[in-house]
Amino acid sequence: MKNVFIINPKAGEADNEAKIRDAAKNIAECEFYVTKAVGDATQFVRSWCDEHPEEQVRFIACGGDGTINEVFNGAVGRQGVSVSCYPCGSGNDFVKAFGGAERFSDIEKLTSAPTRKLDLLKVGDRYSNNVVNFGFDTTVAITINKERDKTGHGGKNAYTKGVVTALIKSMKSACTVIADGEVLNPDGTLLLCTLANGQFVGGSFKCAPRSKSDDGLIDVCIIKPISRLRFVKVLTPYTNGEHLDDESMKDIVTYRQAKKIEVKAGEGFAFSLDGEIIYSDHFTVEIAPAALDFAVPEE
């Protein structure tokens, strides 16, 4: 089996490419590709599969959550293809549900790790492996992306600026969320909503503690609009993934599991697909069960 390492040179430390190449020097069947721009990893994977239709291959995404998402989008639906990842980004949210980045830190183990079926979330012609979210979180993400474009990186300072911006501008968003035909917020407002296949978002928030990436279901969680004072009070249980069971939050949390989510909103509405900002006033998120073979090293 061929192993193809797809390296995002802007993720993590500056010398990550050299480290990855050195760690893989004893792997016989491997090659390397360094991405050049946003979206490049997806196009590369598709082109590689078109040019090698009969070859068994494992693509290993070396970067953050965005790089992983791009590789998954290129590999979905391809025969003889498995994917894994060497998570070296700032958040590494996706792999937290599989034991964290440390489990994926041995380059050689990634090439021989057993695979498991992975669900994906389908949004139009795009796929999310982790979380589609909107409302408060999306304003945070938009701010972080602007800071990254301005400074070349998005760290804790960018995240703090994003939260402050959202506290000012995004304590209430107008949209309607429909899960398998059930309207979840009849008043058409919310603070935030997560549609999850993974469990974590934003680097540390356990937004979907019950989510499983192979159960054929989307975990849907809506937090109703609340005051800024109450926001501060519920932030800790939400961060820790306790919000679905916390009695003090029962009045503001709506939770469902579903196969299809429809979102209706106004012009200019934004949502985040694994960190990428997309604008749409009407979109549908569907579960794509067992869509990908994902290689996870044994513990």
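This report walks through a predicted model, covering its sheet, a helix, its salt bridges and its cysteines.

## The six-stranded sheet

Strands of a sheet pair through backbone hydrogen bonds, and the pairing can be parallel or antiparallel. Here, six strands make an open sheet. Their order is β13-β12-β11-β7-β15-β16, and they pair in the antiparallel sense. β13 and β16 stand at the edges. Each has a single partner strand, so one side of each is left without a neighbour in the sheet. From one strand to the next, the twist averages 20 degrees.

Look at the pairing of β7 with β15. Strand β7 covers residues 131-135, and strand β15 covers residues 270-273. Three bridges join them in the antiparallel sense. Within this pairing, N133 stands opposite S272 in β15.

## Strand β12 and its neighbours

Strand β12 runs over residues 218-223. How many of its residues are buried? The count is six of six, so the strand is largely enclosed by the rest of the structure. Both faces are covered. On one side sit I218, V220 and I222. On the other side sit D219, C221 and I223. Every one of these residues is buried.

β12 has a pairing with β11 and another with β13. Strand β11, residues 192-196, pairs with β12 over five bridges, in the antiparallel sense. One contact to find in the model is L195, whose bridge partner in β12 is V220. Strand β13, residues 253-258, pairs with β12 over six bridges, again in the antiparallel sense. Here I218 has A258 of β13 as its bridge partner.

## Helix α3

Helix α3 spans residues 65-75 and is mostly covered. Ten of its eleven residues are buried. At the start of the list come D65, T67, I68, N69 and E70. V71, F72, N73, G74 and A75 are buried too. The list includes charged-residue letters such as D and E alongside I, V and F.

Just after the helix comes G77. G77 takes a positive phi of about 85 degrees.

## Salt bridges

Side chains of opposite charge can pair when their charged atoms come close. The model holds eleven salt bridges. One of them joins D22 and K25, with the closest N and O atoms 3.4 Å apart. D22 is partly exposed, at 45% relative accessible area. K25 is exposed, at 59%.

Other salt bridges reach across the chain. D293 and K117 meet with 2.8 Å from N to O. D293 lies in strand β17 (residues 282-295) and K117 lies in strand β5 (residues 115-123), so the pair ties together parts that are 176 residues apart in sequence. D293 is partly exposed, with a relative accessible area of 23%. K117 is partly exposed as well, at 47%.

E276 forms a salt bridge with R126, and their closest N and O atoms are 2.8 Å apart. This pair also links distant parts of the chain. E276 belongs to strand β16 (residues 276-279), R126 belongs to strand β6 (residues 126-128), and 150 residues separate them. Both ends are partly exposed: E276 has 36% relative accessibility, and R126 has 22%. Elsewhere, salt bridges that share partners join K2, E29 and E31 into one network.

## Cysteines without disulfides

How many disulfides does a search of the whole structure find? It finds zero. A disulfide needs two cysteine sulfur atoms within 2.5 Å.

Why does C88 have no bond to the closest cysteine sulfur? That sulfur belongs to C62 and is 6.2 Å away, so it is too far for a bond. C88 counts as buried, at 11% relative accessibility. C207 gives a second case. The closest cysteine sulfur to C207 is in C221, at 8.0 Å, which is too far for a bond. C207 is buried, with a relative accessible area of 1%. Its partner in this comparison, C221, is one of the buried residues of β12.

Notes. Residues are numbered from 1 along each chain as its sequence is written. This is a predicted model: local features need pLDDT of at least 70, side-chain atom pairs count only at pLDDT 80 or more; totals for chains, interfaces and linings use all residues. Side-chain values use heavy atoms; hydrogens and water are left out. Buried means under 20% relative accessible area, exposed over 50%, partly exposed in between (1.4 Å probe, protein chains only). Helices (H or I, at least four residues) and strands (E, at least two) are DSSP runs, numbered from the N terminus. Two strands pair if DSSP finds at least two bridges between them. A salt bridge is a side-chain nitrogen of Lys or Arg within 4 Å of a carboxyl oxygen of Asp or Glu. Axes are lines fitted to C-alpha atoms, for helices over the stretch in contact, and angles run from 0 to 180 degrees between N-to-C directions.
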